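Open the model in your viewer and keep the sequence panel in sight. This tour tells you what to select at each stop and what you will find there.

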Amino acid sequence: GKVEWGEPVQDAIRREVEEETGLKIDLMGLIDIVDSLIADESGTLAYHHVLLDYAARAVSGTLRTGDDVRDAKWVARECLDDYPVWDETRRIIDASKTLLCA
């Protein structure tokens with residue numbers, strides 16, 4: 001999501017998660033920062049997104065879809081192979097175990 005002008009990053013994360021999923025969350029800690037570099041058809045860099053990946057726990061709300069997706073569901077780690085998941089996303093999910101299981 002987009003950080004609003006003057007909005008602290010952690011507040012933006014909480015706001016965006018609630019807007020996009022219906023869930024209020026507690027942030028458990030920063031896992032990693034990932035660069036997402038997206039090229040256009042000619043191979044020229046078109047987008048550079050900086051992703052701040054936090055471990056979080058849902059504390060209230062009901063999981064729902066935002067206006068930019070068709071489906072939202074909880075998926076067990078052992079079922080991730082059933083979905084097309086970016087390698088970096090899988091790495092971050094695996095790394096989150098350290099913060100969430102502490």
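Start by selecting Arg90, which is partly exposed at a relative accessible area of 23%. Here buried means under 20% relative accessible area, exposed means over 50%, and partly exposed lies in between, with a 1.4 Å probe and protein chains only. Now add Asp81, which counts as exposed at 66% relative accessibility. Asp81 and Arg90 form a salt bridge, and their closest N and O atoms are 3.4 Å apart. A salt bridge is a side-chain nitrogen of Lys or Arg within 4 Å of a carboxyl oxygen of Asp or Glu.

Before going on, note that this is a predicted model, in which local features need pLDDT of at least 70 and side-chain atom pairs count only at pLDDT 80 or more, while totals for chains, interfaces and linings use all residues. Residues are numbered from 1 along each chain as its sequence is written, and side-chain values use heavy atoms, with hydrogens and water left out.

**The whole chain**

Zoom out and show the cartoon. The protein chain has 2 helices and 2 strands, and along the sequence they follow the pattern α-β-β-α. Helices (H or I, at least four residues) and strands (E, at least two) are DSSP runs, numbered from the N terminus. The C-alpha atoms fill a box of roughly 45 × 40 × 30 Å, taken along the principal axes. Of the 102 residues in the protein chain, 17% are buried.

Switch on the surface. The accessible surface of the protein chain is about 7,700 Å², and 52% of it belongs to carbon and sulfur atoms. Such areas come from the Shrake-Rupley method with a 1.4 Å probe; for residues, only the protein chains shown count as cover.

**Charged pairs around helix H1**

How many salt bridges does a search of the whole structure find? The search finds 10. Side chains of opposite charge can pair when their charged atoms come close.

Select Glu4 and Arg15. They form a salt bridge with the closest N and O atoms 3.9 Å apart. Glu4 lies in the segment before helix H1 (9-21) and Arg15 lies in helix H1, so this pair ties together parts that are 11 residues apart in sequence. Glu4 is partly exposed, at 42% relative accessible area. Extend the selection to Glu4, Glu7, Arg15, Glu16 and Glu19, which are joined into one network by salt bridges that share partners.

Next select Asp11 and Arg14. Their side chains meet in a salt bridge at 3.1 Å, N to O. The two residues are 3 apart in helix H1, so they are separated by about one helical turn. Asp11 is partly exposed at 38%, and Arg14 is partly exposed at 32%.

**The two strands**

Select E1 and E2. They pair in the antiparallel sense over 15 bridges; two strands pair if DSSP finds at least two bridges between them. Leu30 stands opposite Tyr54 in E2. The hairpin of E1 and E2 has 5 residues between the strands, and Gly43 takes a positive phi near 95° there.

In a regular strand the side chains alternate between the two faces of the sheet. With that in mind, select Val34 in strand E1. Is Val34 buried or exposed? Val34 is buried, at 4% relative accessibility. Leaving out residues up to four places away in sequence, Val34 touches several residues, among them His49, Trp86 and Ile92. Contact means heavy atoms within 4.5 Å.

Move to Ser36, in strand E1 (residues 23-39). Ser36 is buried, with a relative accessible area of 14%. Outside its neighbours within four places in sequence, Ser36 is in contact with Tyr47, His48, His49, Leu51 and Trp86.

**A nonpolar patch**

Select Val3, Val9, Leu30, Ile33, Val50 and Leu52. These residues form a nonpolar patch on the surface, with about 470 Å² of accessible area together. Patches are made of residues with over 30% relative accessible area and no salt bridge; like charges are joined within 9 Å, and nonpolar side chains (Val, Leu, Ile, Met, Phe, Trp, Tyr) within 5 Å. E1 and E2 are the elements that give two or more residues to the nonpolar patch. Leu52, in strand E2, is partly exposed at 37% relative accessibility.

**Last stop**

Select Gly66, in the loop between strand E2 (45-61) and helix H2 (87-100). Gly66 is buried, at 13% relative accessibility.
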